[in-house]
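Subject: Structure handover

Hello,

Here is the structure you are taking over. Please open it alongside this message; my notes follow below.

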Amino acid sequence: MEKLRIGIIGAGRIGKIHADNLLRLPEAQIVAVSDLFAGPELEAWAAERGIGTVTKDSNEIIGNPNIDAVFVCSTTDTHVPLIKQAAQADKHIFCEKPVSMDIRQTEEAIEAVRKAGVKLQIGFNRRFDHNFKRLREHVQAGTIGDPHIVRITSRDPNPPSPEYIKVSGGLFMDMMIHDFDIARFLSGSEIEEVYAQGGVLIDPVFAQYGDVDTAIVTLKFANGALGVIENSRKAVYGYDQRIEVFGSKGSAAVSNDHPNTAEISTAEGIMRDKPLHFFLERYNEAYVEETRMFVRSVLHGEPLPVDGSDGMQAERIALAAKLSLHLGRPVKIAEAVELAAAQPAGTF
């Protein structure tokens, strides 16, 4: 069987998740792993999985002629240079979201991929969730008629650390960017305008870094539909992931996944388990499926399920939301892109 030979750059939590998922695929082979902090612990982890090469130098991955594709799982600030280098080395690329926090840099990365003729898949894993895929199938089939309202609830069980908040790019680029992508995915239409409102209601540390921990963004789609996305960095009852698409002929909705469906009814009340704790539990199979689709796309010439242009569009929406919060008014995506092009990098 033909195998896709893969190198993983960045062996933190997400890099190790992708590695374990790739090891489940008979068509994939992990040749090497690189991480700036590689040491005995990572070497032992790799040895347990039969990964022969561990290095601190990503150039050893990109320059290895026995590697066909790379998984870029390092920090966001390294994504663009790594994508460019990998494209020039004729490697196919899977990159975690976002490609960058500056849409001009993301454009450069996408152009490098285009010129090299390699594939670039972005890690929007929620597209591969079994619930959301089913929802999209019904919307596309016309089961609920023309979409009128897309409502997305996304709440984390606990806020990230101050160290992470500092470099995250903010709630819109780090957290809600998944929801911007899934809104496009489910509606089948582009988002043209956003209006963001946010606050610091959980921990004042967010304000120290110019961020918010609670936000609502309303959307206007090109097909006339409307949308609402609401995020919170802390839901005390667990990971809250719900979506509804309401249309002219009905509604299609997805509720939270739970460890089980048992519901206990007594005189004291009705009880059931909390939702699955966090994204690793909730989207475990989605992570597996996105890696499987990337491998198949490269080996068999199939279209990518989510590519650089999808990553770019989600970043543009996140930029518009950040600008909207700053200006206190609705912002069209085209306006945000135009303003970004005229300002120094990192202004918004």
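Where does Asp-102 lie? Asp-102 sits in the loop between β5 and α5. Keep in mind throughout that this is a predicted model.

**Asp-102 and the start of α5**

Asp-102 has a relative accessibility of 12%. The cut-off for buried is under 20%, so Asp-102 counts as buried. Its side chain does something specific there. At the start of α5, a side-chain oxygen of Asp-102 comes to within 2.9 Å of the backbone nitrogen of Arg-104.

The loop between β5 and α5 also holds Pro-98. Look at the peptide bond from Lys-97 to Pro-98: it is cis, with omega near -20 degrees.

**Helix α5**

Helix α5 covers residues 103-116, which makes 14 residues. At 1.5 Å a residue, α5 should span 20 Å. The C-alpha atoms at its ends are 20 Å apart, so the expected span and the model agree.

Which residues of α5 are buried? They are Ile-103, Thr-106, Ala-109, Ala-112 and Val-113. The spacing has a simple background. An α-helix has 3.6 residues a turn, so residues three or four places apart point the same way.

The buried residues of α5 have several packing partners. Among the helices, these are α4 (79-88), α13 (308-327) and α14 (333-342). Strands β5 (92-95) and β6 (120-122) pack against them as well.

After α5 comes Gly-117. The phi of Gly-117 is positive, near 75 degrees.

**Around α5: Gln-121 and Asp-90**

Gln-121 belongs to strand β6. At 0% relative accessibility, Gln-121 counts as buried. Leaving aside neighbours within four places in sequence, Gln-121 is in contact with Ile-93, Phe-94 and Cys-95. The list goes on with Phe-128, Glu-290, Met-293 and Phe-294. Leu-304, Pro-305 and Val-306 complete it.

Asp-90 is in the loop between α4 and β5. Is Asp-90 buried or exposed? Asp-90 has a relative accessible area of 53%, so it is exposed; the cut-off for exposed is over 50%. The backbone of Asp-90 deserves a look too. Its phi is positive, about 65 degrees, although Asp-90 is not a glycine.

**Helix α1**

Helix α1 covers residues 13-22. Of its 10 residues, 7 are buried, so α1 is largely enclosed by the rest of the structure. The buried residues are Ile-14, Gly-15, Ile-17, His-18, Ala-19, Asn-21 and Leu-22.

**Glu-193**

Glu-193 is part of strand β8, residues 191-199. With 15% relative accessibility, Glu-193 counts as buried. What does the side chain of Glu-193 make a polar contact with? The partner is the side chain of Lys-332, at 3.3 Å.

Beyond neighbours within four places in sequence, Glu-193 is in contact with two stretches. One holds Thr-218, Leu-219 and Lys-220. The other holds Pro-330, Val-331, Lys-332 and Ile-333. Pro-305, for its part, is 112 residues from Glu-193 in sequence. In space, Glu-193 and Pro-305 are 25 Å apart, C-alpha to C-alpha.

**The second largest pocket**

The second largest pocket holds about 180 Å³ of space. Its lining has 13 residues. Those closest to the pocket centre are Gly-169, Gly-170, Gly-210, Asp-211 and Lys-322.

Which helix gives the most to this lining? Helix α8 does, with 3 residues. Helices α7 (162-167), α8 (171-174) and α13 each supply at least two residues. By class, the lining of the second largest pocket has 7 nonpolar, 3 polar and 3 charged residues.

**The cavity**

How many cavities of 30 Å³ or more does the structure hold? There is 1. The largest cavity has a volume of about 30 Å³.

Its lining includes Arg-126 and Phe-132. Ile-152, Thr-153 and Ser-154 also line the cavity, as do Asp-179 and Ile-182. Gln-241, Arg-242, Ile-243 and Tyr-283 are lining residues too. Strand β7 (147-155), helix α9 (176-187) and strand β11 (240-247) each supply at least two residues of this lining. By class, the lining of the largest cavity divides into 5 nonpolar, 3 polar and 3 charged residues.

Best wishes

Technical notes. Residues numbered from 1 in each chain as written. Predicted model: local features only at pLDDT ≥ 70, side-chain atom pairs only at ≥ 80, totals over all residues. Heavy atoms only, no water. Helix = DSSP H or I, 4+ residues; strand = E, 2+ residues; numbered from the N terminus. Expected span 1.5 Å × (residues − 1). Buried < 20%, exposed > 50% of the residue type's maximum accessible area, 1.4 Å probe, protein only. Contact = heavy atoms within 4.5 Å. Polar contact = N/O pair within 3.5 Å; in protein donor to acceptor, adjacent residues only side chain to side chain. 1 Å grid on protein atoms, 1.4 Å probe; cavity = no way out; pocket = protein on both sides within 12 Å on 5 of 7 lines; lining within 4 Å. Points joined across faces, edges and corners; volume = space filled by probe spheres on them. Nonpolar A, V, L, I, M, F, W, Y, C, P; charged D, E, K, R; others polar.
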